[in-house]
Amino acid sequence: MVVRIRLARHGRRNLPFYQIVVANARTGRNSKPIEKIGSYNPIPDKDGNKLINLNFERAKYWLTVGAQPSEPVEKLLVKADLLPQAPKPWMETAVKKFKG
């Protein structure tokens, strides 16, 4: 069973709100998850900050067990210093073409 850490969209039209969930990779976006580990509000507040609530212990646990984060969640985890920033495969090929 492939487990993914991904975003589940909630809210209404033009006002999205996301739950950071651990779910089976074959299930739908908003289907019942295995566990909710946080939330993400992409709309900035009055100070211009986007709100991210994340249970670090559970996120670390699921990463060590082998859960694969989706790309948006991977960006959030890199900002939270839970994952190292890894270069993308297309960047490596671009560097090789540039060098010679």
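Which residues of the largest nonpolar core touch the most other members? In this predicted model, the core comprises 15 residues, and I5, I20, V22, I37, L54 and W62 are those with the most contacts to other members. Two or more residues are given to this core by each of β1, β2, β3, α1 and α2.

The chain contains three helices and five strands, arranged along the sequence in the order β-β-β-β-α-β-α-α. Of its 100 residues, 27% are buried. The exposed area amounts to about 7600 Å², of which carbon and sulfur atoms supply 53%. Among contacts between residues at least 6 apart in sequence, 30% join residues at least 24 apart. The mean pLDDT of the chain is 87, with 86% of residues reaching 70 or more. Confidence varies among the elements: strand β3 has the highest mean pLDDT, 95, whereas helix α3 (residues 89-99) has the lowest, 65.

Helix α2 spans residues 71-79, and its buried residues are V73, L76 and L77. These residues lie on the same side of α2, because they cover an arc of only 100 degrees around the axis. An α-helix has 3.6 residues a turn, so residues three or four places apart point the same way. On the face of α2 turned away from the buried side are the exposed residues E71, K75 and K79. The buried residues of the helix pack against strands β1 (3-12), β2 (15-24), β3 (35-41), β4 (51-54) and β5 (68-69), as well as against helix α1 (56-65). Just after α2, D81 adopts a positive phi of about 60 degrees.

Strand β3 includes E35, whose side chain takes part in two of the polar contacts described here. One joins the side chain of E35 to that of R58 at 2.9 Å, and another joins the side chain of E35 to that of W62 at 2.7 Å. Beyond its neighbours within four places in sequence, E35 is in contact with I20, V21 and V22 in addition to R58 and W62. W62 is thus a polar partner of E35 and also one of the core residues that touch the most other members. Not counting residues up to four places away in sequence, W62 touches V3, I5, V22, I34, E35, I37 and A67.

Strand β3 also holds S39. This serine counts as buried because its relative accessibility is 11%. Apart from neighbours within four places in sequence, S39 is in contact with F17, Y18, Q19, I20, L51, I52 and N53.

A further polar residue, R6, is located in strand β1. With a relative accessibility of 13%, R6 counts as buried. R6 and I20 are separated by 14 residues in sequence, yet their C-alpha atoms are 5.8 Å apart. The side chain of R6 reaches the backbone oxygen of G28 at 2.9 Å. Residues touched by R6, with those up to four places away in sequence left out, include Q19, I20, V21, A23, N24 and A25. The same set of contacts also includes T27, G28, R29 and S31, together with S70 and V73. V73 is in turn one of the buried residues of helix α2.

Conventions:
Residues are numbered from 1 along each chain as its sequence is written. This is a predicted model: local features need pLDDT of at least 70, side-chain atom pairs count only at pLDDT 80 or more; totals for chains, interfaces and linings use all residues. Side-chain values use heavy atoms; hydrogens and water are left out. Helices (H or I, at least four residues) and strands (E, at least two) are DSSP runs, numbered from the N terminus. Buried means under 20% relative accessible area, exposed over 50%, partly exposed in between (1.4 Å probe, protein chains only). Contact means heavy atoms within 4.5 Å. Accessible areas come from the Shrake-Rupley method with a 1.4 Å probe; for residues, only the protein chains shown count as cover. The arc is that of the directions from the helix axis to the C-beta atoms. pLDDT is the predictor's confidence in each residue, from 0 to 100. A polar contact is a pair of N or O atoms within 3.5 Å; within protein, one must be able to donate a hydrogen and the other to accept it, and residues adjacent in sequence count only if both atoms are side-chain atoms. A nonpolar core is a set of buried Ala, Val, Leu, Ile, Met, Phe, Trp, Tyr and Cys residues joined through side-chain atoms within 4.5 Å.
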